[in-house]
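Biologist: I'm new to this one and would like a close look at a single part. Could you walk me through the sheet in chain A, and then show me how that part sits in the rest of the model?

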Amino acid sequence: MSEPESAYVGLSSRDAFGKVLVELGRANPRIVALTADLGSSVRTAWFAEEFPDRAFDFGIAEQDMMGAAAGLALAGKIPFVSTYAVFASLRAAEQARTDVAYGNLPVRICASHSGLTIGPGGPTHQSIEDVAIYRGMPNMTVIVPADGVGAAAATRAAVHLSGPAYMRLSRAKEPTVYRSENGIHLGIANTVRQGTDLTIIACGPCVGRSLEAASLLAGEGIQARVIDVHTIKPIDVQTVVSAADETGTVLTVEEHSITGGLGSAVAEVLAEAGQGVRFRRLGIPDQFPTTGPYEELVAYYGLDAAGIAQMARGLLAD
Amino acid sequence: MRRVALDLRADIVRAGRDVDGGVHLGGSLSLAEILSVLYFSILRVDPQNPHWPQRDRLVLSKGHGNLALCAALGRRGFFSIEELSSFNVLGSPYSMHADFHRVPGIEASAGSLGHGLPIAVGMALSGKLDGAGWRVYCLLSDGEMMEGSSWEAMMAAAHHELRNLTAIIDRNRFSLDGPTAEIMDLEPLYDKCVAFGWRTRQVDGHDVAALLKALAPPPEGDQRPTMIIAHTIKGSGVSFLENRASSHFGSLTPLQADQALDELRQAGASIGLEEAMG
């Protein structure tokens with residue numbers, strides 16, 4: 001059973017992405033990396049060091065970068081676009097939607113510093129709407145890796161998609177969920193802990209925190225199932241519906257607005273399946289987040305292990 | 001090429017008469033010579049093999065000029081010009097804005113302004129990276145030079161030394177609501193393009209010879225992208241449409257269309273093309 005541990009265990013999703021991109025670049029000369037003066041932050045600078053001819057900086061001009069990515073793809077390249085999630089999803093949204101998504105072009109939009117990870121950066125830099133925005137674009141695959149290993153697997157898999165993808169990366173290191181890339185496949189949710197009393201469906205750093213919450217709940221005799229829905233679009237309907245069937249209670253957890261993100265996607269699935277389960281969305285309420293150190297912000301919005309466990313208890317007591 | 005330009009204008013006028021709901025007349029008519037010169041002299045394209053890897057690429061950034069572009073592609077043989085009669089009909093490949101999924105020969109979808117030059121920059125970066133021989137041409141409206149993204153791309157093209165990129169601004173001096181000088185003044189446009197690091201030329205956009213000369217390849221060693229400011233007349237070739245913001249979009253009555261076609265016929269006769277206007 002023992003398999004070699006992934007080299008990306010313990011890395012943040014952005015670090016793992018940056019390292020895998022270099023590996024991929026060695027094997028595939030069509031891969032190019034684009035940034036808008038954030039190559040060091042989003043780790044495409046490592047690709048630029050090894051492949052300076054295939055790395056393009058557009059300066060602080062995200063619209064031009066996203067449009068140029070479409071142009072590079074039209075001319076046969078596989079562009080990896082990097083910037084912060086807030087800029088990828090808002091400043092360059094129309095180019096992403098009209099030039100990239102409508103074109104159904106193989107552009108990979110790799111957006112770091114998502115959710116609250118920029119901490120004191122505040123609402124100008126926090127990104128709590130990006131999944132909602134990208135989920136609304138036809139043709140777009142939306143990926144939120146749980147940790148470094150998840151990001152490595154997703155980055156590798158994304159190369160083979162024929163259409164565009166949005167990959168949401170974290171600045172901070174996520175709690176470790178995976179030890180191996182084996183078994184991580186786009187479009188298939190991973191049940192990372194079995195349980196029968198309720199299901200916690202999470203993405204990104206909230207997967208590891210949900211596992212910690214499940215451990216806390218287990219100490220109280222509550223067996224929580226934890227599912228990593230790393231591919232929010234297309235969502236794994238089967239896994240979500242089965243878990244709801246089998247546990248009767250579903251809690252979604254995401255570092256994103258509760259409007260339009262993972263929680264909304266799961267709600268859509270459950271409603272259309274006709275499943276009247278107990279259901280709650282945990283995320284950023286419909287308001288702009290406050291500022292502060294990242295871990296404190298996470299706790300403030302109840303997205304740490306204690307907050308998730310508390311919400312789970314409340315939901316079960318309903 | 002002057003003959004082709006008149007043919008394109010006749011195609012546009014007939015669409016103005018026949019297409020329900022109207023078409024973009026003014027900004028299509030102003031493109032006639034530019035598209036004629038590009039598709040019948042400059043661009044290395046193969047209508048039988050629209051995805052030929054070594055072809056030159058034209059991005060019509062002013063996607064609302066799609067009627068003129070489709071007329072040029074049809075006349076060049078990418079499809080039968082007769083098909084243009086389905087313009088804007090439900091499910092037709094030919095409609096208001098340029099769409100590369102639907103029409104052979106169209107290189108990029110466009111319609112929202114300020115998108116085309118960034119796309120052209122990406123194509124030119126790819127060509128440069130590969131050491132390819134093909135060039136990228138981008139056809140812009142003057143109005144879309146009000147978009148910040150156009151100037152982002154202007155900076156990037158010069159910064160990345162894209163000598164394989166030529167942009168042409170259809171300087172017809174009108175945007176939807178009125179004269180650009182009143183809506184948002186673009187002048188001094190030539191100076192701005194020069195200041196952004198482009199090899200910049202100004203020509204009469206209805207003068208075929210001047211366009212041909214301006215479109216000659218840049219001299220060896222000059223790494224700058226090329227900008228051609230083509231001074232044109234919105235609605236060019238049809239007296240009652242010229243230089244009017246109201247000619248941006250609309251329909252022609254059969255009577256107006258007859259008059260317009262008659263004017264085009266006379267223009268053809270004046271340059272010895274009595275048999276033109278098919």
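Modeller: Here is a tour that starts with the sheet and works outward from there. Keep in mind that you're looking at a predicted model.

Let's begin with the strands themselves. The sheet in chain A is an open one built from 7 strands, and if you walk across it you meet them in the order S2-S1-S3-S4-S6-S5-S10, with mixed pairing. The two edges are strand S2 (55-57) and strand S10 (231-233) of chain A, each of which pairs on one side only. From one strand to its neighbour, the turn is 20° on average, if you ignore direction.

Now zoom in on one pair. Strand S4 of chain A, residues 108-112, runs parallel to strand S6 of chain A, residues 165-168, and 4 bridges link the two. If you want a spot to click on, try A:Ile109, which has A:Tyr166 of S6(A) standing opposite.

Next come the helices that go with the sheet. Helix H1 of chain A (residues 13-27) packs on it, touching strand S1 (31-35), strand S3 (78-84) and S4 of chain A. The direction of H1(A) makes about 140° with that of S1(A). Helix H4 of chain A, residues 62-74, lies across S1 and S3 of chain A, and runs at about 165° to S3(A).

Stepping back, chain A is divided into domain 1 (13-168) and domain 2 (190-317). Taken over C-alpha atoms, the centres of these two domains of chain A are 26 Å apart. Where they meet, 24 residues of domain 1 of chain A are in contact with 26 residues of domain 2 of chain A. On the domain 1 side, helix H7 (130-135), strand S5 (141-143) and helix H8 (148-158) of chain A supply at least two residues each. You've already met S5 as a member of the sheet, sitting between S6 and S10 in the strand order. By class, that domain 1 side has 13 nonpolar, 7 polar and 4 charged residues.

Last stop: the partner chain. The contact between the chains takes 24 residues from chain A and 21 residues from chain B. On chain B's side, the elements that give two or more residues are helix H5 (116-130) and helix H6 (148-159) of chain B. H5(B) brings the largest share there, 10 residues. Sorted by class, the side of chain B that touches chain A has 11 nonpolar, 8 polar and 2 charged residues.

Note on methods:
Residues are numbered from 1 along each chain as its sequence is written. Chains are lettered from A and ligands numbered from 1 in the order in which they are written. This is a predicted model: local features need pLDDT of at least 70, side-chain atom pairs count only at pLDDT 80 or more; totals for chains, interfaces and linings use all residues. Two residues are in contact if their C-beta atoms, placed from the backbone, lie within 7 Å. Helices (H or I, at least four residues) and strands (E, at least two) are DSSP runs, numbered from the N terminus. Ala, Val, Leu, Ile, Met, Phe, Trp, Tyr, Cys and Pro count as nonpolar, Asp, Glu, Lys and Arg as charged, and the others, Gly among them, as polar. Domain bounds come from an automatic or database domain assignment. Two strands pair if DSSP finds at least two bridges between them. Axes are lines fitted to C-alpha atoms, for helices over the stretch in contact, and angles run from 0 to 180 degrees between N-to-C directions.
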